[in-house]
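Grab a coffee and have a go at the exercises below. Try each one on your own before you read its solution.

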Amino acid sequence: MRLSSKNLDTRLDTVYDAIVVGGGMGGLSAAIYLARYGLKCLVIEKGKGRSMWMQDLRNYVGLDPDTPGRDIINHGTKQAVDWGADHLRGYVEDVTDEGDTFAVKVKVGKKDSIYPVFRSKYLIAASGVIDVLPELDDMQNVYDYAGYTLHVCMICDGFDMWDQKAVLIVGKESQINAAFVLNWFTPYITVLTHGLCTVSDEMKQKLAEHGYPLYESAIARFVGEDHKMQGVELVDGTFIEATTGLINMGSIYHNHYLKGIEGLEWDGENLVTNEMAQTSHDRIFALGDLKKGLNQVSVAVADGTLAATQIWRNIRRQSPPRKWES
Ligand code: FAD
Ligand code: FAD
Ligand code: FAD
């Protein structure tokens with residue numbers, strides 16, 4: 001059922017088998033499997049997540065390479081709800097481990113918010129990450145290109161940059177190293193720091209040896225039409241011709257609600273999981289971009305399958321057998 005502030009009261013006494021934080025690629029996959037195992041689950045999705053901005057999913061077997069992430073989210077949400085999952089638009093603020101259950105505090109409504117608490121036996125952390133984008137006074141100018149011809153994922157879109165003039169936008173010197181991987185796809189790389197970091201002589205020399213220009217001035221605006229980049233203008237007036245680009249400025253991890261939970265093993269901001277997507281806490285699973293591993297839709301979807309199946313196994317093994325009694 002789709003929940004909202006109007007009907008969520010009906011679920012406040014429910015102990016869900018699993019609450020899924022994040023209804024993106026991994027979370028919806030988990031919800032579809034959980035629902036089909038006959039388990040009670042609730043997906044909580046804030047909106048405006050990473051896969052929403054994926055304008056085309058290029059590399060998922062059998063899907064048209066122009067398939068937008070938002071279509072998958074819309075269809076996947078309907079699928080999960082049709083099989084019996086609950087779905088709520090809201091923002092998970094905090095999770096408390098109560099021993100046998102988790103208490104999940106949710107902010108519902110950006111204005112006149114209410115803060116219901118839902119309970120579950122298992123928690124699936126499927127809240128992903130979001131890419132850091134260059135900040136301009138006019139963010140719409142960034143959004144007009146980011147996710148179209150200005151990419152954030154080389155594995156996803158390197159192919160679409162083949163032999164084009166490309167800008168690599170970074171915020172830290174170490175992020176420049178992506179140039180030496182991106183050159184698999186195109187050698188026509190210009191590096192832009194947007195004035196955010198200093199670059200050592202050693203790195204400058206390495207870039208010069210490869211023939212990759214470096215500009216350290218801030219970006220004024222992206223230039224182009226109809227989401228197709230033609231170049232970048234810097235505040236010092238320089239114009240750089242480029243039909244594509246890669247933003248490699250790191251990510252914001254949607255993991256704050258887990259920071260108070262004991263016993264979770266982290267690798268930086270990523271959760272470490274086993275082969276069934278289970279974290280070091282036996283009742284918390286983590287999927288997709290939030291866990292250590294490759295940030296791809298195919299991986300997140302498979303993680304959702306594994307997590308839901310392990311939760312089913314755990315619950316099934318603790319349940320009495322169903323006998324055919326007349
Ligand atoms: P997501 O799909 O991002 O789902 C996480 C969800 O959690 C989000 O919807 C978010 O709104 C929600 N959330 C976060 N915090 C909270 C909270 N506190 N409360 C409630 N909800 C919350 N991958 C490919 O395989 N192929 C591609 O071609 C490709 N192209 C891409 C292009 C772009 C422009 C971008 C941005 C990404 C692309 N990706 C691609 C990567 C792909 O989107 C991710 O790897 C994938 O979505 C990860 O799935 P996930 O379930 O881990 O995260
Ligand atoms: P969030 O981080 O989602 O939320 C901020 C706060 O709002 C939360 O802490 C919470 O208190 C509250 N909140 C959020 N959701 C809810 C809810 N459902 N209920 C109650 N409270 C809530 N963004 C755009 O707006 N337009 C674009 O065109 C665009 N293009 C993008 C392209 C790419 C390639 C990428 C990677 C990102 C893009 N973004 C775009 C995303 C942008 O960078 C931000 O991540 C996004 O806009 C943040 O949304 P938000 O302000 O709601 O913040
Ligand atoms: P396959 O997709 O089987 O691919 C292996 C290929 O290798 C085959 O096409 C075979 O012809 C070929 N091959 C084998 N030997 C050789 C050789 N020596 N030389 C050349 N080619 C060879 N899974 C789900 O997730 N959801 C479902 O709802 C679902 N329903 C199913 C219903 C049915 C009736 C069946 C039979 C399976 C179903 N499955 C379902 C399982 C799913 O089909 C498999 O898990 C999946 O196809 C495995 O992928 P694969 O690449 O390992 O194998």
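Here come three exercises on this predicted model, each with a worked solution.

**Exercise 1: the ligand site**

Work out which residues come nearest to ligand 1 and which make polar contacts with its oxygen atoms.

*Solution.* Start with the neighbours: there are 36 residues around ligand 1, and Gly-26, Glu-45, Ser-51, Asn-59 and Val-297 come nearest. Next, look for N or O pairs within 3.5 Å, the cut-off for a polar contact. Val-297 offers a polar backbone atom 2.8 Å from a ligand oxygen. Asn-295 also uses a polar backbone atom, at 3.4 Å from an oxygen of ligand 1. With Gln-296 it's a polar side-chain atom, 3.1 Å from a ligand oxygen. Now check the cover: on its own ligand 1 exposes 990 Å², and the protein buries 98% of that. Helix H1 (25–36), strand S3 (41–45), strand S5 (91–97) and helix H7 (297–317) are the elements that each give two or more residues to the shell. Finally, sort that shell by class: you get 13 nonpolar, 16 polar and seven charged residues.

**Exercise 2: an open sheet**

Trace the sheet that contains S16 and find its edge strands.

*Solution.* Begin with the order: five strands run S9-S16-S10-S11-S12, with parallel pairing, and the sheet is open. Then go to the ends, where strand S9 (150–151) and strand S12 (214–215) each pair on one side only. Zoom in on the S9 end: two bridges join S9 to strand S16 (residues 244–248), again in the parallel sense. For one residue pair, take Leu-150, whose bridge partner in S16 is Gly-245.

**Exercise 3: ring pairs**

Classify the aromatic pairs Trp-162 with Phe-185 and Phe-180 with Tyr-212, then ask what parts they tie together.

*Solution.* The structure has seven aromatic pairs. For Trp-162 and Phe-185, the centres are 5.3 Å apart and the planes sit at 85°. Planes over 60 degrees apart count as edge-to-face, and that's the label for this pair. Trp-162 is in the loop between helix H4 (154–157) and strand S10 (166–170), and Phe-185 in the loop between helix H5 (179–182) and strand S11 (189–192), so the pair ties together parts 23 residues apart in sequence. Trp-162 is partly exposed at 41% relative accessible area, while Phe-185 is buried at 16%.

Phe-180 and Tyr-212 are stacked, with 6.3 Å centre to centre and 25° between the planes. Phe-180 belongs to helix H5 and Tyr-212 to the loop between helix H6 (201–210) and S12, so this pair links parts 32 residues apart in sequence. Phe-180 counts as buried at 19%, and Tyr-212 does too at 5%.

Definitions and conventions:
Residues numbered from 1 in each chain as written. Chains lettered and ligands numbered in written order. Predicted model: local features only at pLDDT ≥ 70, side-chain atom pairs only at ≥ 80, totals over all residues. Heavy atoms only, no water. Near = heavy atom within 4 Å. Polar contact = N/O pair within 3.5 Å; in protein donor to acceptor, adjacent residues only side chain to side chain. Areas by Shrake-Rupley, 256 points an atom, 1.4 Å probe, with all protein chains shown as cover. Helix = DSSP H or I, 4+ residues; strand = E, 2+ residues; numbered from the N terminus. Nonpolar A, V, L, I, M, F, W, Y, C, P; charged D, E, K, R; others polar. Pairing = 2+ DSSP bridges. Phe/Tyr/Trp six-rings, centres within 6.5 Å; stacked < 30°, edge-to-face > 60°. Buried < 20%, exposed > 50% of the residue type's maximum accessible area, 1.4 Å probe, protein only.
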